[in-house]
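Here is a short tour of the chain you have in front of you. Keep the viewer open and follow along, starting with how far the model can be trusted.

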Amino acid sequence: KLNIGLRPIANKYHEGEMKRTLKREYNGSISKFQSQGDLLEHLDEERIRYRLAKHEGKDEKVIEQHKKAMQDYKHKVLLLEVSLKDQNEIEEEDREVCGAFVMFEKEPYKQAVIKKYAPSASSALARQVQSEPLKFRRHPLHVVQACEPTDLCWENLDYGWGWHMLRKIA
């Protein structure tokens with residue numbers, strides 16, 4: 001519950017004043033699904049090349065190269081399938097919430113929330129002393145104005161906080 005003034009902003013969601021989308025931990029599986037899709041497309045293309053080479057009576061060496069390429073793609077798809085097995089079994093609601101996008105229908109609500117969190121927006125140290133009503137499940141929140149949806153790299157959203165910190169360090 002986020003209280004600003006007399007009105008609890010977080011409760012306005014139920015009145016249609018605010019919409020939120022939770023960012024959940026997927027540990028890179030969305031990118032893996034995309035890679036798997038790309039590999040399946042390559043496998044299909046290679047299958048076509050293989051059949052065409054056989055139909056046209058190409059050299060046995062060329063046909064074997066296409067056959068080997070198909071086996072390589074199948075192997076890569078299988079490896080991704082195995083790495084995604086655990087992720088496939090996790091229900092959406094059981095995934096850790098590692099962020100959220102909140103859209104306010106009224107500009108004053110957005111400004112009030114950003115103002116309330118302004119002291120802790122620029123410093124991890126300031127977030128550690130954030131008052132309890134401003135925290136989510138006892139965790140301090142980092143609240144900033146989001147970029148435009150078209151400027152967002154959606155593929156990176158399936159990675160958690162730790163992965164993003166490592167990327168910043170590297």
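## Confidence

The chain has a mean pLDDT (the predictor's confidence in each residue, from 0 to 100) of 78, with 79% of its residues at 70 or more. Over residues 1-15 the pLDDT falls below 50, yet this stretch has 31 contacts (heavy atoms within 4.5 Å) beyond near neighbours in sequence in the model.

This is a predicted model, in which local features need pLDDT of at least 70, side-chain atom pairs count only at pLDDT 80 or more, and totals for chains, interfaces and linings use all residues. Residues are numbered from 1 along each chain as its sequence is written, and side-chain values use heavy atoms, with hydrogens and water left out.

## Helix α1

Helices here are DSSP runs (H or I, at least four residues), numbered from the N terminus. Helix α1 covers residues 29-55; at 1.5 Å a residue (times one less than the number of residues), its 27 residues should span 39 Å, and the 38 Å between its end C-alpha atoms agrees. After α1 comes G57, with a positive phi near 70°.

Buried residues (under 20% relative accessible area, 1.4 Å probe, protein chains only) in α1 include S29, Q36, L39 and E46. Part of their cover comes from α2.

## The nonpolar core

L43, Y50, A53, I63 and M70 form the largest nonpolar core (buried Ala, Val, Leu, Ile, Met, Phe, Trp, Tyr and Cys residues joined through side-chain atoms within 4.5 Å), which has 5 residues. Both α1 and α2 give two or more residues to this core, and α1 gives the most, with 3.

Leaving aside neighbours within four places in sequence, A53 is in contact with K58, I63 and H66.

Technical notes
Buried < 20%, exposed > 50% of the residue type's maximum accessible area, 1.4 Å probe, protein only.
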